[in-house]
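Look at the sequence and the fold together before reading on. The text below starts from a spot on the surface and then turns to the sheet, the hairpin and the chain as a whole.

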Amino acid sequence: MVFPGGLREDGLPAGLSDPARLAAVRATGLLDTGPEEAFDDLARLAAAATGCTRAFITLVDDQRSFWKSRVGPDAPAARQAPVRRSFCYFLVGLEGEPFVVDDAATDPRTRDHPSVAPVDVGAWAGYPVLGPGGEVLGSMCVVDDAPRRWRPEELKALATLARAVSNELNLRHSLTTSRAALATARTALSTSTELARSLQDSLLPPTLTPVPGLETAASYLPAEGDRVVGDFYDLFQATAQWWCTVLGDVCGHGTEAAKVTALARYTLRAEATRTLSPATILARLNTAMLDQHSPRFLTAVHATFRTTRGGVAGRLCLAGHPPALIRRADGRVIPVGRTGTLLGIVRDVTLTDVRFRLAPGDALLLYTDGATEARPPASAPGAERPQLTEEGLALVLADCHDMTARQVVTHIGRVIAEHNHDRPDDDTALLALRVPPRPERHTP
């Protein structure tokens, strides 16, 4: 493999020994220090966002890789390894380019690496942790035991988390050098808020998977301020004929909420290939949350459906979530779902599948409580702030005459924004499915 800076005598990248880079690594003050919650949270989130069992935040000097954070059931007692046995030197040698391997045992860049077999490296993905001058300090990386094809959204989340680690290090450096660095610290803090929103976006699918014969649309309406929150949605194909859609709301915000969001999305996708019962899928998510000692609970609505000659047939389950709404082609709005237990609190949950059908012109709306609890900003202390409510949302949906799924989501989002004067207290996720009406037949 060719590295831009060449090789040392031992065959490793010459960039490992660059004096400026080594000085930047030492300046972090983190070599040979113990674990910290701030970094461990980011590593756990990287593991959850990619579905991997192992994740590391690593600092690399000229001789070793030091694991500031390590997540995994088989994490070794030692917190470092010789640099030759770490994949992180690839990032240093590539001067900060990411390094991603789908199959470490067959990839010509890594098949002879001394750690592939002993450490069970099936696949590896890493993004650089950078110093204030752009120096490659180390990496944020995840390891899978088996070969895999990394999905774009997984790599996007990992890149965002690597930037979050870099920003944390640079913020600390700015705050400890001198008071004259206050302006730099403010810039770093601003970057942190941007990363928070970028991380939230990486946990939402950028575009919904097209379903043949069905209109689909979704939107995420952020609350005021920049923070990582827990509203999420997804739409994916479970089997050849069956599709799944889910929308959920994790209690709270911040890194802990984002961890639960990532765990929920990847658990739901995995379980949907094993059963078509939404209640069973959500019950298994509840078990996963408790087994992982999830710090947050969540509510969710999950639907499994297939397209038919007459439209859509499916089943839907609520886990502590407000009911879904079906708008019939004639304007009637019907709530769907039976109230169930929220997830992540108790082992024994009560969850019920409810069947539903959509005919041509019918639409199904899923939403988080940011829609029904939308309220105007306070005009004065003690002033009333009426919520939109579930009844109000149903009226808005009923007014969506002949609208496509995208138009329904846009219209509802506009009404919510008008109701809260564009100053939302809570984030809101919306997802709509609609069966297109049959074309009218004209008799000659």
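Which residues form a nonpolar patch on the surface with Phe297? The model is a predicted one, and in it Ile345 and Val346 join Phe297 in such a patch, the three having about 230 Å² of accessible area together.

Two members of the patch share a loop. Ile345 is located between strand 13 (333-336) and strand 14 (354-358), and Val346 is likewise in the loop that links strand 13 to strand 14. Ile345 has a relative accessibility of 49%, so it counts as partly exposed, the category that begins at 20% and ends at 50%. Val346, with a relative accessible area of 37%, is partly exposed as well.

What does Ile345 contact, leaving aside its neighbours within four places in sequence? The residues are Asn286, Leu290 and Phe297. Phe297 is thus both a contact of Ile345 and a member of the patch. For Leu290, the separation from Ile345 is 55 residues in sequence, while the C-alpha atoms are 7.4 Å apart in space.

Strand 13, which precedes this loop, is also part of a hairpin with strand 12. Strand 12 (residues 324-327) and strand 13 run antiparallel and are joined by 4 bridges. One of the residue pairs is Arg327 with Val333, its bridge partner in strand 13. Between the two strands of the hairpin there are 5 residues, and Gly331 adopts a positive phi near 100°.

Now turn to the N-terminal part of the chain, where strands 1 to 6 form a sheet. How are the strands of this open sheet ordered? The order is 3-2-1-6-5-4, and the pairing is antiparallel. Strand 3 (80-82) and strand 4 (99-101) are at the edges; each has a single partner strand, and therefore one side of each is without a neighbour in the sheet. On average, neighbouring strands are turned by 25° against each other, direction ignored.

Within the sheet, strand 1 (residues 54-60) pairs with strand 2 (residues 64-71) in the antiparallel sense, over 6 bridges. Here Phe56 has Arg70 of strand 2 opposite it. Helix 1 (residues 19-27) packs on the sheet, where it touches strand 1 and strand 6 (136-144), and the direction of helix 1 makes about 75° with that of strand 6. Helix 2 (residues 37-50) lies across strand 1, strand 2 and strand 6, and runs at about 75° to strand 2. Strand 1 and strand 6 are therefore in contact with helix 1, and helix 2 lies across both of these strands.

The segment before helix 1 contains Gly6. This glycine is partly exposed, because its relative accessible area is 26%. Not counting residues up to four places away in sequence, Gly6 touches Leu12, Pro13 and Ala14. Gly6 and Gly93 are 87 residues apart in sequence, with 8.0 Å from C-alpha to C-alpha.

The totals place these details in the whole protein. It has 10 helices and 16 strands, and of its 444 residues 53% are buried. Of the contacts between residues at least 6 apart in sequence, 66% join residues at least 24 apart. The accessible surface comes to about 20100 Å², and carbon and sulfur atoms account for 52% of it.

Definitions and conventions
Residues numbered from 1 in each chain as written. Predicted model: local features only at pLDDT ≥ 70, side-chain atom pairs only at ≥ 80, totals over all residues. Heavy atoms only, no water. Pairing = 2+ DSSP bridges. Axes fitted to C-alpha atoms, helices over the stretch in contact; angles between N-to-C directions. Contact = heavy atoms within 4.5 Å. Buried < 20%, exposed > 50% of the residue type's maximum accessible area, 1.4 Å probe, protein only. Patch = residues over 30% accessible without salt bridge, like charges linked within 9 Å, V, L, I, M, F, W, Y side chains within 5 Å. Areas by Shrake-Rupley, 256 points an atom, 1.4 Å probe, with all protein chains shown as cover. Salt bridge = Lys/Arg side-chain N within 4 Å of Asp/Glu carboxyl O.
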